[in-house]
Amino acid sequence: MRGRTHVALALVAGRLIYPPADSLSWLALIVGALAPDFDSGGGLISKPSAWLPDFVPGRRLLDAPTQIASKFVRAAVGHRGPLHYPVVAVALWTIALMLPWPWIRWLAFGYMTHLLTDSLT
């Protein structure tokens with residue numbers, strides 16, 4: 001499944017279940033929906049420039065740090081490795097429930113929607 005599809009489905013799920021109250025929570029939901037694919041080496045989460053218009057000067061420079069980190073993670077654990085394990089999502093959700101910031105719950109929720117939608121394809 002493509003990154004944009006993960007984002008769209010997470011936004012729909014978030015809106016239907018209990019809409020995030022602020023923009024930081026919406027952003028966390030989007031990042032969470034993309035986070036498991038950080039190990040893909042070419043996922044949308046590792047290409048921040050994909051979210052910017054083409055006319056922004058030097059936008060591709062934003063990709064370098066995330067591409068390097070993503071390739072390192074992929075070399076260490078492979079694609080669809082530990083970042084796609086349900087136990088990681090459960091651990092993230094458990095930690096999010098213990099912390100006072102609601103945006104972390106939305107990050108965990110987005111992460112879980114990613115794994116759920118991946119399991120459907």
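A nonpolar core, as the term is used on this tour, is a set of buried Ala, Val, Leu, Ile, Met, Phe, Trp, Tyr and Cys residues joined through side-chain atoms within 4.5 Å. The model open in the viewer is predicted.

**First stop: the core**

Select Ala10, Ala13, Ala28, Leu29, Ala33, Trp106 and Phe109, the seven residues that make up the largest nonpolar core. Colouring by helix shows that α1 (3-17), α2 (23-34) and α5 (102-119) each supply at least two residues of this core, and that α2 gives the most, with three residues. As general background, nonpolar side chains in soluble globular proteins tend to be buried together. Stay for a moment on Ala28, which, once residues up to four places away in sequence are set aside, touches Trp103, Trp106 and Leu107.

**Second stop: α1 against α5**

Now show α1 and α5 alone, and look at how their axes come within 9 Å and cross at roughly 120 degrees. Because of that angle, α1 is oblique to α5. The crossing in which α1 passes α5 is right-handed. On the α1 side, select His6, Leu9, Ala10, Ala13, Gly14 and Ile17, which meet Trp106, Phe109, Thr113, His114, Thr117 and Asp118 of α5. Sorted by class, this contact of α1 with α5 holds six nonpolar, five polar and one charged residues.

**Third stop: α1 against α2**

Keep α1 on screen and bring in α2, whose axis comes within 9 Å of that of α1, with a crossing of roughly 135 degrees. That angle makes α1 oblique to α2, and here too the handedness can be read off, since α1 passes α2 in a right-handed crossing. From α1 the contact draws on Gly3, His6, Val7, Ala10, Leu11, Gly14 and Arg15, and from α2 on Trp26, Leu29, Ile30, Ala33 and Leu34. The classes in the contact of α1 with α2 are eight nonpolar, three polar and one charged.

**Fourth stop: two residues of α2**

Gly32 lies in helix α2 and, at 0% relative accessibility, counts as buried, the cut-off for which is under 20%. Measuring from C-alpha to C-alpha in the viewer should give 7.4 Å between Gly32 and Trp106, although the two are 74 residues apart in sequence. Leaving aside neighbours within four places in sequence, Gly32 is in contact with Leu107, Gly110, Tyr111 and His114.

Select next Ile30, which also has its place in helix α2 but, at 22% relative accessibility, counts as partly exposed. Ile30 and Trp106 are 76 residues apart in sequence, and their C-alpha atoms lie 8.6 Å apart. With residues up to four places away in sequence not counted, Ile30 touches Val7, Leu11 and Trp51.

**Last stop: α4 against α5**

Finally, return to α5 and add helix α4 (residues 86-98), which packs against α5 at an angle of about 165 degrees, with the axes 8 Å apart. The two helices, α4 and α5, are therefore roughly antiparallel to each other, and α4 passes α5 in a left-handed crossing. To display the contact, select Pro86, Val88, Ala89, Leu92, Trp93, Ala96 and Leu97 of α4 together with Ile104, Arg105, Ala108, Phe109, Tyr111, Met112 and Leu115 of α5. The residues of this contact of α4 with α5 divide into 13 nonpolar, no polar and one charged.

Definitions and conventions. Residues numbered from 1 in each chain as written. Predicted model: local features only at pLDDT ≥ 70, side-chain atom pairs only at ≥ 80, totals over all residues. Heavy atoms only, no water. Buried < 20%, exposed > 50% of the residue type's maximum accessible area, 1.4 Å probe, protein only. Helix = DSSP H or I, 4+ residues; strand = E, 2+ residues; numbered from the N terminus. Contact = heavy atoms within 4.5 Å. Axes fitted to C-alpha atoms, helices over the stretch in contact; angles between N-to-C directions. Parallel < 35°, antiparallel > 145°, perpendicular 65-115°, else oblique. Left-handed = near helix turned anticlockwise from the far one by under 90°. Nonpolar A, V, L, I, M, F, W, Y, C, P; charged D, E, K, R; others polar.
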